[in-house]
Amino acid sequence: MAGRFSRLPPLNTLLVFEAAGRHLNFSAAAAELGMTQPAVSHQVNSLETRLGLPLFRRLHRGVVLTPAGAQLLDAVSRGLTTIHDASTALRRRSGPKILHVFTDYGFAAWWLIPRLGRWSERAPEVEVQLVTAQRQVDLRQAEADVAVWFGDGAWRASRIVQWFPETVYPVCSPQFALRHPVRHAAALRDQRLLHVAEVDPPLWMSWSDWFAGEGVPIGRRTHDLIFNNYQLVLQAALLGQGVALGWRPLIDDLVQNRQLVCLTRTPICTGRGYYIVEPAGRGDDQVVADFHRWLIEERGSATQLPA
């Protein structure tokens, strides 16, 4: 006797269709799934033949969904999400307690890792798996339980709480400050500036933004240093190679220990900042709730930077 789901397309075909529909590009779907582009195209063609109508319109570059394709993608995405969430909940119930934390390189290196010992003392039974990236990603695809993520907070998630607003000081090593005294913002234009490479669209404050906030034209730059992640920027500042933009709370320990000094008394603040993000579908997870509470407590213990 045929089961009620006997006429469904094979699950693997639906997985391929979902990736192709999400990326709107067969090559990108193939890269994600570890397949070849012709194999993805074959699976999609097979599904279209089975359903008797086209799901994509092929373009010179990429594809677009037909109305039927958009309808199927919505249904498949919801179904796969339900299966994913249920299986994740079951694994959590039966296996060891593992907390997948997602954040950027700078936050992990300069704030979180130095404090993870305190979290481990609080929850010794929980294994923390820390994943970092410089650019924003789909937290569901990254299998994150909780993220401390920088931006404007406009993400799809079950819970988003601003943890620390974007608060920026220019900073350098004490030795660099002695060799290159700075008494006003305009004087910084004459110093070597340390940049983290900008992305499009912009996700964080740049030196151009900082000078604009001070009402000072930055002018043409010829001797600055540019790095592809913030961890390297702060490392260069600690080695006395120039002036960096310092984000709180990442620089707090370095300033309080006099490894870095702030060159202005007043920071520039924006509407962006670090947020605690809990992706949808994680349910009422006590470990995530405890980690969220711990982050808030640690935030509350932050002190004012010295003038």
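## Helix 3, Leu193 and the cysteines

Gly52, with a positive phi near 80 degrees, follows helix 3; helices (H or I, at least four residues) and strands (E, at least two) are DSSP runs numbered from the N terminus. This is a predicted model, in which local features need pLDDT of at least 70 and side-chain atom pairs count only at pLDDT 80 or more, while totals for chains, interfaces and linings use all residues. Residues are numbered from 1 along each chain as its sequence is written, and side-chain values use heavy atoms, with hydrogens and water left out.

Helix 3 has 15 residues (37–51), and its end C-alpha atoms are 21 Å apart, in agreement with the expected 21 Å (1.5 Å times one less than the number of residues). Its buried residues are Val40, Ser41, Gln43, Val44, Leu47 and Glu48. They lie on the same side of helix 3, because they cover an arc of only 160 degrees around the axis, taken from the directions from the helix axis to the C-beta atoms. Pro38, His42 and Thr49 are exposed on the face turned away from the buried side. Buried means under 20% relative accessible area, exposed over 50% and partly exposed in between (1.4 Å probe, protein chains only).

Leu193 lies in strand 7 (residues 193–196). Beyond its neighbours within four places in sequence, Leu193 contacts Leu188, Trp207, Phe211, Arg221, Asp224, Leu225 and Val243 (heavy atoms within 4.5 Å).

Two buried residues are listed here.

| Residue | Relative accessible area |
|---|---|
| Cys172 | 1% |
| Leu193 | 0% |

The structure holds 0 disulfides (pairs of cysteine sulfur atoms within 2.5 Å). For Cys172, the nearest cysteine sulfur is that of Cys262, 9.3 Å away. The sulfur of Cys269 is 12 Å from its closest cysteine sulfur, in Cys262, and so too far for a bond.
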